[in-house]
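Biologist: I have a model open and I'd like to learn how to read it piece by piece. Could you walk me through it?

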Amino acid sequence: MSVPVNVAAQPAQQKVATKKMNAFKKKIVIFSFLAPALLLYFVFMLYPMLDAVRYSLFDWNGASSSMNFVGLENYAALTQDSLFLRSLGHNLLWVVLSLVLMVLPTLVLAVLISKVRKGRMFFRAAFYLPSVLSLAVVGVLWSKIYDPTMGPINTFLRAIGMDFLARNWLGEPFLVIPALVIASTWAFYGLYMILFLAGLQSIDPQMYEAADIDGAGPIRKFWYITVPSLRNTMNVVVSMVIIHALKGFALIWIMTQGGPFYMSEVVSTYVYKSAFSMNQVSYAAAQSVVLGIIIITFTIAFNYYRERTE
């Protein structure tokens, strides 16, 4: 009586074994596609990050053959470093100004360009052009624009008799960060404009037609249709603006190198000076770890908030 039962169970066991084998082969195929990218990600992203954390626990000048383990002393020193705290404050100011100057104005610009009937491609290309320029070029260009004696801004102000408004835009402590943020905004607004334009194309035109029937004006359609419909795009843009503002380096280094009197010093420029001017590589690594934690924490918190509110 037991023989027929075993015979009936064998096909079922073979079927289960075959299913497991197919699932295993499928995982192997997926892993084989992901492995090269994961390997590169580990070698060029994760390993340097982990190495930076390791360096931050030592006292090393970058050239010595020996490193002294100091634990968390570098992090404790950061809490007493007024220049680091000031640099962090400048980063936060940069974030606020970037959000104000980039998000809503860029969205309005994208909406205006989307309404253009003729020459839309020209305006898209023209406004996107600054985004393809190197930050080195942008830095040199805006340094000339802000030039206190020959720059076009002060030249124009003097020409219309408003000499009292002419300033040394990169030389006055309270003007330097707004001036740098404006230059940064000019360099990146084309990218965010393209994102908003792509988002605008996904909005159902019937929503605007229904609003027209109800007598809604352009401003009400903008606030009650366009802005809510671009919620996901807006989240992406806000995330990119904040991350860029927190890790910005090239433009500041080219235009001011953190001056005058450290008034445009941000964490990234302070990290560079600590590592390569003061030969405090471990201390610089601790600064970069703190900045990385801030950026990662913000990114996770912002995405968590976004998912909770959707």
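Modeller: Sure, let's start with a pair of helices that touch. V267, Y270, V271, S274 and A275 of α12 meet V281, Y283, A284, Q287, S288 and L291 of α13. Keep in mind that this is a predicted model.

Biologist: What kinds of residues make up the contact of α12 with α13?

Modeller: Sorting a contact by chemistry is a handy habit. Here eight are nonpolar, three are polar and none is charged.

Biologist: And how do I describe the way α12 and α13 cross?

Modeller: Look at the distance between the axes, the angle and the handedness. Helix α12 (residues 267-276) and helix α13 (residues 281-309) have axes that come within 7 Å and cross at roughly 165 degrees. Angles over 145 degrees count as roughly antiparallel, so α12 and α13 are roughly antiparallel to each other. The crossing of α12 with α13 is left-handed.

Biologist: Let me try another pair. At what angle do α8 and α9 cross?

Modeller: Roughly 165 degrees, with the axes of α8 and helix α9 (residues 218-229) coming within 11 Å. They are therefore roughly antiparallel to each other, and this crossing is right-handed.

Biologist: Which residues of α8 and α9 meet?

Modeller: From α8 there are M207, Y208, A211 and D212, and from α9 there are K221, I225, T226 and S229. By chemistry, the contact of α8 with α9 divides into four nonpolar, two polar and two charged residues.

Biologist: Which pair would give me an oblique crossing?

Modeller: Try α5 and α7. The axes of helix α5 (residues 135-145) and helix α7 (residues 176-200) come within 10 Å and cross at roughly 135 degrees. That angle makes α5 oblique to α7. The crossing of α5 and α7 is right-handed. On the α5 side the contact uses L135, V138, L141 and W142, and on the α7 side I182, A183, W186, A187 and F188. In the contact of α5 with α7, nine residues are nonpolar, with no polar and no charged ones.

Biologist: Now single residues. Is T233 buried or exposed?

Modeller: Relative accessibility is the number to check, and under 20% counts as buried. T233 has 17% relative accessibility, so T233 counts as buried. T233 sits in helix α10 (residues 231-247). Leaving out residues up to four places away in sequence, T233 touches L195, F196 and G199.

Biologist: And A210, is it buried or partly exposed?

Modeller: A210 is partly exposed, at a relative accessible area of 36%. You'll find A210 in helix α8 (residues 205-213). You can also set sequence distance beside spatial distance: A210 and V266 are 56 residues apart in sequence and 49 Å apart in space, C-alpha to C-alpha.

Biologist: What about backbone oddities? Where is there a cis peptide bond?

Modeller: Omega is the angle to read for that. G259 and P260 are joined by a cis peptide bond, with omega about -5 degrees. P260 belongs to the loop between α11 (250-255) and α12.

Biologist: Which value of phi should I look at for Q257?

Modeller: Phi of Q257 is near 55 degrees, which is positive in a residue other than glycine. Q257 is in the loop between α11 and α12, and at 44% relative accessibility Q257 counts as partly exposed. F261 also has phi near 55 degrees, again a positive value in a residue other than glycine. The loop between α11 and α12 holds F261, and F261 is exposed, with a relative accessible area of 67%.

Biologist: Last topic, database annotations. Which residues does UniProt list for "domain: ABC transmembrane type-1"?

Modeller: The unreviewed UniProt entry lists residues 88-302 under that name. Then you check the span against the coordinates: residues 88-302 are 73% helix and 0% strand, and their end C-alpha atoms lie 19 Å apart.

Biologist: And which stretches carry the "transmembrane region" annotation?

Modeller: In the unreviewed UniProt entry, residues 28-50, 92-113, 125-142, 174-198, 236-255 and 283-305 do. Over residues 92-113 the model is 100% helix and 0% strand, with end C-alpha atoms 31 Å apart. Residues 236-255 come out as 90% helix and 0% strand, with end C-alpha atoms 28 Å apart.

Methods:
Residues numbered from 1 in each chain as written. Predicted model: local features only at pLDDT ≥ 70, side-chain atom pairs only at ≥ 80, totals over all residues. Heavy atoms only, no water. UniProt positions renumbered as here; feature names shortened; annotations may be inferred. Helix = DSSP H or I, 4+ residues; strand = E, 2+ residues; numbered from the N terminus. Axes fitted to C-alpha atoms, helices over the stretch in contact; angles between N-to-C directions. Parallel < 35°, antiparallel > 145°, perpendicular 65-115°, else oblique. Left-handed = near helix turned anticlockwise from the far one by under 90°. Contact = heavy atoms within 4.5 Å. Nonpolar A, V, L, I, M, F, W, Y, C, P; charged D, E, K, R; others polar. Buried < 20%, exposed > 50% of the residue type's maximum accessible area, 1.4 Å probe, protein only.
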